[in-house]
Amino acid sequence: MDQARSTISKIFNGEPHSYTRFNLTQNMEGDNSHVEMKLSSDMDEEVGGNGVGDHLNHNSNSKPSVAQKLGRKPKNLCFIAATTLLIFIIGYLIGYLVHRKKDVMAPTCEASQDPIIESVVRETGAAPLMDWDDVKKLLAQKLDAAKFEPVFSEFSSVNHRAGSPGDESLANKVLNKFKQYGMKTWTDEHFVKVQDPPASGYNRFAFKNGKDVRPEGFLSYSANGTVTGAVLYAFYGQDSDFQLLREKSINLTDRVMLVRAGKISFAEKVANAAKVGASAVLIYRDPSDSSLEDSTQLYGHVHMGSGDPYTPGFPSFNHTQFPPVQSSGLPKILAQSITAGMATDIRKELGGQNEPTGWGGRYRLGDESDVIVVEVNNVLTEKKINNVFGVIKGFVDADRYVVIGAQRDAWGAGFAASTVGTSVLAELARSVSDMVKNDGFKPRRSIVFASWSAGEYGSVGATEWLEGYLSSLSMNAFSYINLDGVVTGQAGFKVAASPLMHSLIEGTMKEVNSPDKTRTLSSKFAKGNFELNVLEPLKLDNAAYPFLAFSGIPSVSFRFTSAPNPDYPYSGTPLDTREKLDVATGNQVPQLAEIATRFAGHIALRLVHDHLLRLDVMKYNTIIRSKVSQINSKVVSVKGKEVLPKALTVKWLIMASGSFSRSSRKLVEDIQNSDLEDIEMCRILNDRIMTVERSFLSPYVSPRESPFRHILLGSGPHTLDALLHHLNDLMTKHPDADVDLFRNQFALATWTVQGCANSLAGNIWSLDNEI
C-alpha cells in the first residue's frame with residue numbers, strides 16, 4: 001500500500017496541492033475485496049486557447065462534466081483521453097497490490113469477547129493465526145494427569161536447599177528437559193549471600209531462668225546477638241495487633257514479642273515489632289491454625305524485601321566490585337522460629353492482662369516479670385546459584401515475551417513448595433513445544449520458561465535476574481506467571497494478580513474445567529462473584545510480587561487451597577511431603593497439577609496468540625478513584641483539625657486521576673478505531689498497554705531504599721496507602737508525623753499518577769496534562 005501511495009505521489013508530483021485518498025475495504029471472510037479511489041484537487045487549471053479557466057469547487061451544487069469544463073477542442077480531448085488512461089493504469093496497479101496482499105494474508109474467523117479487542121478478526125503477516133478453540137484443544141490433548149507421576153518422581157528430592165548439590169542436580173534435570181524439547185536454553189549464575197543456621201553452634205532461648213531450649217528451625221537474615229526482655233504475646237504481629245496492645249497501655253519497648261505465623265509474612269511481623277521498639281521476635285505456628293505436631297520445626301526468612309539483601313537494587317554477579325552495602329529491609333532485631341509446643345509452654349506461664357477474646361482468651365499477654373533470654377547465631381555465607389531458562393520464540397514479535405517460572409529449591413522435601421511447580425513448568429514446556437513443532441501452532445510472541453533457585457530465601461534467584469536485566473525486561477516482558485505452590489488443597493481456588501490481568505483470569509476460569517470435570521473453575525469456585533471468592537492480595541512473600549512491584553511487569557499467582565484456612569500448614573517445614581499433600585488433596589495431586597498446568601497454559605497462550613495483549617487498562621480506574629476519594633476525605637478531616645495548611649488541596653491529584661481515566665479510555669478508542677490487521681499498529685498499541693504497570697513505579701525513590709516502587713501495590717512511604725497512614729498519624733499527632741514530608745510525598749505521588757496517564761496517552765501531542 002505504501003508503494004502504491006509513493007507511486008501515485010510521484011505521478012502527481014507536478015501538482016503540489018493535489019491529494020489522492022484510497023479506501024481499501026475487505027469483508028470479514030477475506031473475499032470480494034474492492035477498492036474505492038477518490039481523487040480531489042484544490043488547484044486551478046488553465047486550459048484551451050480561449051484563456052478561460054474554471055475552478056474545481058467540491059462544495060458547489062453544480063456538477064459540470066469534464067468536457068464542459070475543458071471545452072471540446074482536440075487538444076482538450078487528448079488531455080481527457082490521457083487522464084482516463086492514467087486513471088485506468090493507477091486502478092490496475094492498486095488492484096494488483098490488493099490481490100497480492102490477499103495471497104499472503106492468513107484469515108481467521110476468530111472473534112474476541114474482550115471489549116478492548118473485539119475488532120480483531122484475522123492475522124496479517126508471518127504467523128498464520130490458529131483459531132483459539134483449536135489452540136485449547138491442542139493443549140488439552142497434550143496434557144494428561146497420568147503423565148505427571150513420572151515427572152514428580154524425577155523432580156522429587158529430599159535435600160535441595162539453594163546452592164546445594166541437590167539443587168544443582170535438579171537444575172541440570174530441568175536444563176536437559178528444555179533441551180530435549182528443542183528449546184533454546186541458557187543459565188544465569190549468581191553468587192548470593194544467604195544466612196543459614198550455625199553449623200557448629202546453635203540458637204537458643206531460656207524462659208524464666210529455665211534450661212536452654214535449642215530450636216532446629218531458624219529465620220534467615222535475623223540480626224545476631226543475645227537479648228534479655230519480657231515476653232509479650234502479640235497475636236499475628238500485625239499493625240492492628242500492636243495498636244490494640246497500645247490501647248491497653250501496655251509497654252512495648254524492649255519486649256520479646258511472641259507471635260503466630262500467618263496473615264502476613266515473617267518479615268512484616270518482625271518489621272512491625274521493630275517499629276514499636278521490641279528487642280526480639282519469636283514466631284510459631286499455632287495449633288488452632290493447623291494440624292502440625294507440637295514438635296514441628298519452622299523455617300523462613302525475615303528480609304523485608306526480595307533478592308540478595310547485600311546487593312539491594314543491583315545483581316549479585318561474580319567479580320562485580322560494588323562497595324559493601326545492606327538492604328534497608330534487613331531487621332535490626334533478633335528473630336527466631338520455635339515449635340508450637342515451645343510456644344505453649346511459654347504461654348501457660350505468662351502473667352499480666354488477659355488476652356482479648358478475639359485472640360483466643362485462654363492465656364494472659366505477659367508482664368514485665370516474664371523474662372526470656374534469646375540468642376541467635378546464624379551464619380552468613382556466599383552460595384553460587386543457577387537460574388535455568390528455555391524459550392519458545394514467537395513468529396511475529398519474538399522480542400516480546402511472557403515469563404513462566406517456578407522455584408526449584410526448598411528447606412526440606414518441599415513437595416508442594418517446589419516439586420509440583422517445577423513439574424508443572426516442565427510439562428507445560430513440553431506441551432507447548434510439541435504444539436509448535438508438530439501441530440502448526442505459531443505463537444506471535446515468545447514464551448520464556450524459568451526455573452529459579454533460592455526462592456525460600458525471598459525470591460533471590462528471580463529478583464537477581466530482574467535486577468540484572470531490568471532495563472530490557474521492563475520493555476519486553478509483558479507478563480509473569482508464577483507456579484510456586486499451585487497445589488496445596490482442593491476445596492478452594494485463589495488468585496493474586498495485577499488488576500490488568502483480572503479480566504483475562506476471569507475468562508480463563510470459564511474455559512478450564514474444575515477437578516470434578518462437570519463444572520468450570522469459575523462455576524465451582526467463583527460462584528457468581530469472582531472478586532470476592534477468588535481474588536486475594538498479592539503479598540510480599542509471593543514470588544510474583546517483585547515482578548509486579550519492583551519491575552512493573554503484570555503478574556499472576558494462583559493456587560488450589562484447603563478450607564477454611566487457605567494457608568498450607570506444612571509450608572516452611574520438613575513435613576512438606578507427597579504424603580501430606582495427598583491427604584490435603586484427597587489423593588488428587590496429579591489431577592490438580594494437570595488443571596493448574598492447563599490454567600497457566602491458557603493464560604500464557606492467550607497472551608502470545610492474540611493480536612493485542614489481553615490486558616484491561618480500564619481496571620486501574622476504579623482503584624485510583626477509590627484511593628483518591630479516601631485521601632480527599634482524610635485531608636478534609638485533618639484540615640479540620642488545623643494540622644495541614646489551608647492552601648493544601650487534593651485538586652491536582654483528582655485531576656491526575658481524571659487524566660489517567662481519559663488516557664485509558666482514549667487507548668481503548670484508538671484500539672477500536674485502528675487497523676488491527678497492521679502488525680506494526682498492533683505493536684504500537686501493545687507498547688502503550690505495557691507502559692501502564694511500569695509507569696506506576698515511582699521514579700522519585702531509590703530501588704535500594706524502596707525496591708517495591710509501585711505506588712498502588714508496592715510498599716514504602718511513596719505509596720498512596722502510605723499517604724493515608726501518614727494522614728492518620730497527622731490526625732493523632734504521632735511523633736513520626738511530618739507535615740512538610742507529607743506534602744512532598746503527596747506532590748510526588750500526584751505527578752506519578754499524571755506521568756502514568758502521559759505514558760498511556762502515547763505521542764507527546766496526545767497528552768492530557770492539565771496540572
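Tutor: Before we start: two strands count as paired if DSSP finds at least two bridges between them. Also, this is a predicted model.

Student: Ok, so what's the strand order in the open sheet with 6 strands?

Tutor: The order is 4-11-6-7-8-10, and the pairing is mixed.

Student: Which strands stand at the edges?

Tutor: Strand 4 (204–207) and strand 10 (334–337). Each has a single partner strand, so one side of each has no neighbour in the sheet. On average, neighbouring strands here are turned by 30 degrees against each other, direction ignored.

Student: How many bridges join strand 6 to strand 7?

Tutor: There are 3, and the two strands run parallel. Leucine 232 has methionine 257 in strand 7 as its bridge partner.

Student: And what does helix 9 touch on the sheet?

Tutor: Helix 9 (residues 340–348) touches strand 4, strand 6, strand 7, strand 8 and strand 11. Its direction makes about 120 degrees with that of strand 8.

Student: Switching topic: at what angle do helix 13 and helix 18 cross?

Tutor: Their axes cross at roughly 125 degrees and come within 10 Å. The two helices are therefore oblique to each other, and the crossing is right-handed.

Student: Which residues make that contact?

Tutor: Helix 13 brings Leu504, Ile505, Thr508 and Met509, while helix 18 brings Phe599, His602, Ile603, Arg606 and Leu607. By class, that's 6 nonpolar, 2 polar and 1 charged.

Student: Last one: is glycine 394 buried or exposed?

Tutor: Buried, because its relative accessibility is 13% and the cut-off is under 20%. Glycine 394 sits in the loop between strand 12 and strand 13. Beyond its neighbours within four places in sequence, glycine 394 contacts Pro443, Arg444, Arg445 and Ser446.

Technical notes: Residues are numbered from 1 along each chain as its sequence is written. This is a predicted model: local features need pLDDT of at least 70, side-chain atom pairs count only at pLDDT 80 or more; totals for chains, interfaces and linings use all residues. Side-chain values use heavy atoms; hydrogens and water are left out. Helices (H or I, at least four residues) and strands (E, at least two) are DSSP runs, numbered from the N terminus. Buried means under 20% relative accessible area, exposed over 50%, partly exposed in between (1.4 Å probe, protein chains only). Contact means heavy atoms within 4.5 Å. Axes are lines fitted to C-alpha atoms, for helices over the stretch in contact, and angles run from 0 to 180 degrees between N-to-C directions. Angles under 35 degrees count as roughly parallel, over 145 as roughly antiparallel, 65 to 115 as roughly perpendicular and the rest as oblique. A crossing is left-handed if the near helix is turned anticlockwise from the far one by less than a right angle, and right-handed if clockwise. Ala, Val, Leu, Ile, Met, Phe, Trp, Tyr, Cys and Pro count as nonpolar, Asp, Glu, Lys and Arg as charged, and the others, Gly among them, as polar.
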